[in-house]
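Okay, thanks for making time, everyone. I'd like to walk you through one model today, so let me put it up on the screen.

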Amino acid sequence: MKITPESDNMGEPWRRSNGTFRAHFKTKEEADLFAQDPANWPTYKGDVSHKCPECGWWHLSKIEWLAKPGDIIEIGGTYYRVEQDEYYGRAYRRVGLQAKLINV
Ligand SMILES: [Zn+2]
């Protein structure tokens, strides 16, 4: 498989608060392969690849970090609706099995 950058005007990837770069990839394929590699599971197992609107690179994140209020997400086979809680911020309310996973 040939992997080519999606664009050549990518900026500097975001850094973590400690100054190191977040894991970043030129393509979704690279990010997904990294997340699927058992060597990276201590940190990235189950993570979802997403293109960063800020820096243009692909990152890996927990699905619950990406979901917005109103989204339905699936974690470990259970579906949750993401809600905004007045006191606690994000809340995850379990929903019935008829819900289907939607893209976040
Ligand atoms: Zn970024």
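**A core, a hairpin and a sheet**

Let's start with Phe 25. Setting aside its neighbours within four places in sequence, Phe 25 is in contact with Glu 30, Ala 31, Phe 34, Trp 57 and Trp 58. Some of those names come back straight away, since the largest nonpolar core has 5 residues, and they are Phe 25, Ala 31, Trp 57, Trp 58 and Leu 60.

Before I go on, keep in mind that this is a predicted model. How confident is it? The mean pLDDT of the chain is 80, with 82% of its residues at 70 or more. Confidence peaks in helix 1, residues 28-36, at 96, and is lowest in strand 5, at a mean of 81. Then there's the start of the chain: over residues 1-5 the pLDDT is below 50, though that stretch still has 6 contacts in the model beyond near neighbours in sequence.

Right, the hairpin. Strand 1, residues 48-51, pairs with strand 2, residues 58-61, in the antiparallel sense, over 4 bridges. If you want a spot to look at, find Lys 51, which stands opposite Trp 58 in strand 2. That's the Trp 58 we just met in the core. Between the two strands of the hairpin there are 6 residues, and in the turn Gly 56 has a positive phi of about 85°.

Now over to the sheet. Here we have an open sheet of 3 strands, in the order 3-4-5, with antiparallel pairing. Which strands stand at the edges? Those are strand 3 (72-75) and strand 5 (89-94); each has a single partner strand, so one side of each is left without a neighbour in the sheet. From one strand to the next, the twist averages 40°.

Zooming in a bit, strand 4, residues 78-85, pairs with strand 5 in the antiparallel sense over 6 bridges. One pair to pick out is Gln 84, whose bridge partner in strand 5 is Arg 90.

Last stop, Tyr 92, which also sits in strand 5. Is Tyr 92 buried, exposed or partly exposed? There are 16 other C-beta atoms within 10 Å, so Tyr 92 counts as partly exposed. And what does Tyr 92 touch? Not counting residues up to four places away in sequence, Tyr 92 touches Glu 64, Tyr 80 and Val 82. Glu 64 is 28 residues from Tyr 92 along the chain, with 8.7 Å between their C-alpha atoms.

That's my tour; over to you.

Notes. Residues are numbered from 1 along each chain as its sequence is written. This is a predicted model: local features need pLDDT of at least 70, side-chain atom pairs count only at pLDDT 80 or more; totals for chains, interfaces and linings use all residues. Two strands pair if DSSP finds at least two bridges between them. A nonpolar core is a set of buried Ala, Val, Leu, Ile, Met, Phe, Trp, Tyr and Cys residues joined through C-beta atoms within 7 Å. A residue is buried if 20 or more other C-beta atoms lie within 10 Å of its own, exposed if 12 or fewer, and partly exposed in between; C-beta atoms are placed from the backbone. Two residues are in contact if their C-beta atoms, placed from the backbone, lie within 7 Å. Axes are lines fitted to C-alpha atoms, for helices over the stretch in contact, and angles run from 0 to 180 degrees between N-to-C directions. pLDDT is the predictor's confidence in each residue, from 0 to 100.
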